[in-house]
Amino acid sequence: MKRRTLLKGAAVGLALASGPALAQDDSYTIGVAIPSATHGFMGGLNYHAQASIERLEATYPQLEFVLATAGDAGKMVNDIEDMVATRGIDALVVLPFESEPLTSPVQAVKEQGIWVTVVDRGLSVPGIEDLYVAGDNPGFGRVAGEYFAENLNEGDNIVVLRGIPTTLDNERVDAFTAAIDGSGINVLDMQHGNWNRDDAFNVMQDFLSKYDDIDAVWAADDDMAVGVLEAIDQAGRNEEMWVVGGAGMKEIIKRIMDEDPMLPVNVTYPPAQIATAIELTALGLVSSTPVSGRFIIGSQMITPENAESFYFPDSPF
């Protein structure tokens with residue numbers, strides 16, 4: 001028997017307390033829709049998604065997964081519609097490519113009685129999903145902003161690179177802006193770098209051509225930080241400014257460990273959050289464990305003193 005609904009807060013299935021033997025006539029299909037591995041963070045996220053699916057399929061033979069990756073919002077919508085129409089998914093785990101274009105399609109999935117877990121980038125309408133898993137986006141912006149406020153002087157100039165237009169990006173930027181409010185720091189410019197190193201390189205080149213005096217850059221993402229650093233290097237302005245990215249890319253963390261003055265600190269935002277989302281969704285299906293609500297993974301400051309604890313050289317990110 002295949003059940004098409006996942007009860008909010010107390011999912012259907014047999015409790016694990018009775019041991020590993022589980023009913024084989026109850027089977028469930030979980031759809032996982034995520035962006036393609038177009039940059040470092042998403043490469044890490046794809047890696048952790050695939051690894052968690054392999055673990056769960058080995059542990060729970062009654063679970064089947066459909067994993068789809070998309071390079072744009074339109075393909076992600078088509079992937080999700082196909083999961084519902086042809087695979088009869090019981091639950092959907094989705095990291096929206098963009099918030100606005102995915103909101104109505106995901107809402108349509110929810111209205112069919114299918115469990116919805118949203119990861120990282122929220123939908124533009126709150127409350128659609130049963131479970132939300134993400135890093136601490138306001139904390140991510142706040143921690144970075146507090147560092148800027150504490151380490152720059154009144155009148156110093158900064159530029160900011162935003163990510164893709166999403167609720168996630170709004171939360172980060174709003175918290176960063178609030179943290180530097182009253183510090184006297186001047187935000188010269190703020191543009192979208194789309195969490196992409198090539199886009200960030202182009203944006204930073206534009207900033208460098210327009211502004212002769214920049215003291216620091218909030219890149220808000222390590223992939224963007226890589227593009228920013230390349231633009232600064234090509235312009236020969238390495239001695240003028242420092243850069244704060246985020247998410248804990250191993251190359252960035254190594255430079256912090258080595259006390260590179262251009263990369264004083266970083267802020268965590270783990271790509272492994274997708275594994276948390278998939279595993280919680282699966283746990284809800286195969287047990288009576290309550291899994292609805294919000295699961296937020298806190299952001300931490302990475303400094304030269306603690307960077308070694310966040311350095312994983314064998315990681316894909």
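A helix, in this talk, is a DSSP run of H or I that is at least four residues long. Helix α9 is one of these, spanning residues 273–286, and Gln273 lies in it. Before I go further, please note that the structure shown above is a predicted model.

Let me stay with Gln273 for a moment. Is this residue buried or exposed? A residue counts as buried when its relative accessible area is under 20%. Gln273 has a relative accessibility of 0%, and therefore it counts as buried. Which residues does Gln273 touch, leaving aside those up to four places away in sequence? They are Phe41, Val119, Asp120, Val133, Ala134, Gly135 and Ile297. Please keep Phe41 and Asp120 in mind, as both will return.

I turn now to the interior. In soluble globular proteins, nonpolar side chains tend to be buried together. Here the largest nonpolar core has 106 residues, and the members that touch the most other members are Phe148, Met204 and Trp218. Helix α9 contributes the largest share of this core, with 7 residues. To take one of those three members, Met204 is in contact with Val159, Leu161, Ile214, Val217, Val228, Ala231, Ile232 and Met241, again setting aside residues up to four places away in sequence.

Next come the enclosed spaces. How many cavities of 30 Å³ or more are there? The count comes to 2. The largest cavity has a volume of about 110 Å³. Its lining consists of 14 residues, and those nearest its centre are Phe41, Asp120, Arg172, Trp195 and Asp221. Two helices, α1 (40–59) and α5 (167–180), each supply at least two residues of this lining. Sorted by class, the lining has 8 nonpolar, 2 polar and 4 charged residues.

Two of the residues that I have just named deserve a closer look at their backbone. Most residues other than glycine have a negative phi. Asp120, however, has a positive phi of about 70°, although it is not a glycine. Asp120 is located in the loop between β4 (115–119) and β5 (131–135). With a relative accessibility of 3%, Asp120 counts as buried. Trp195 is also not a glycine, and its phi is positive, at about 55°. Its place is in the loop between β7 (186–192) and α6 (197–210). Trp195 counts as buried because its relative accessibility is 5%.

The loop between β4 and β5 also holds Leu123. This residue has a relative accessible area of 7%, so Leu123 is buried. Leu123 and Val106 are 17 residues apart in sequence, and their C-alpha atoms are 8.6 Å apart in space. Val106 is among the residues that Leu123 touches, and the others are Pro96, Ser99, Leu102, Thr103, Val118, Ile128, Glu129 and Thr167, not counting residues up to four places away in sequence.

From cavities we pass to pockets. The largest pocket holds about 320 Å³ of space. It is lined by 18 residues, and Ala247, Gly248, Pro270, Pro271 and Phe312 are the closest to its centre. The lining of this pocket divides into 10 nonpolar, 7 polar and 1 charged residues.

My last topic is the aromatic rings. A pair of aromatic rings is described by the distance of the centres and the angle of the planes. How many aromatic pairs does a search of the whole structure find? It finds 8. In one of them, Phe41 and Phe317 meet edge-to-face, with 5.9 Å from centre to centre and 90° between the planes. This pair links distant parts of the chain: Phe41 is in helix α1, Phe317 is in the segment after β12 (301–302), and 276 residues separate them. Both Phe41 and Phe317 are buried.

Why is the pair formed by Phe140 and Tyr269 called edge-to-face? Planes over 60 degrees apart count as edge-to-face. The planes of Phe140 and Tyr269 stand at 80°, with the ring centres 5.8 Å apart, and therefore this pair is edge-to-face. Here too distant parts of the chain are linked, since Phe140 belongs to helix α4 (residues 137–151), whereas Tyr269 lies in the loop between β10 (266–267) and α9, 129 residues apart. Phe140 and Tyr269 are both buried.

Finally, Tyr147, Phe148, Phe176, Trp218 and Trp242 form one aromatic cluster. Of these, Phe148 and Trp218 were named earlier among the core members that touch the most other members.

Notes. Residues numbered from 1 in each chain as written. Heavy atoms only, no water. Buried < 20%, exposed > 50% of the residue type's maximum accessible area, 1.4 Å probe, protein only. Contact = heavy atoms within 4.5 Å. Core = buried A, V, L, I, M, F, W, Y, C linked by side-chain atoms within 4.5 Å. 1 Å grid on protein atoms, 1.4 Å probe; cavity = no way out; pocket = protein on both sides within 12 Å on 5 of 7 lines; lining within 4 Å. Points joined across faces, edges and corners; volume = space filled by probe spheres on them. Nonpolar A, V, L, I, M, F, W, Y, C, P; charged D, E, K, R; others polar. Phe/Tyr/Trp six-rings, centres within 6.5 Å; stacked < 30°, edge-to-face > 60°.
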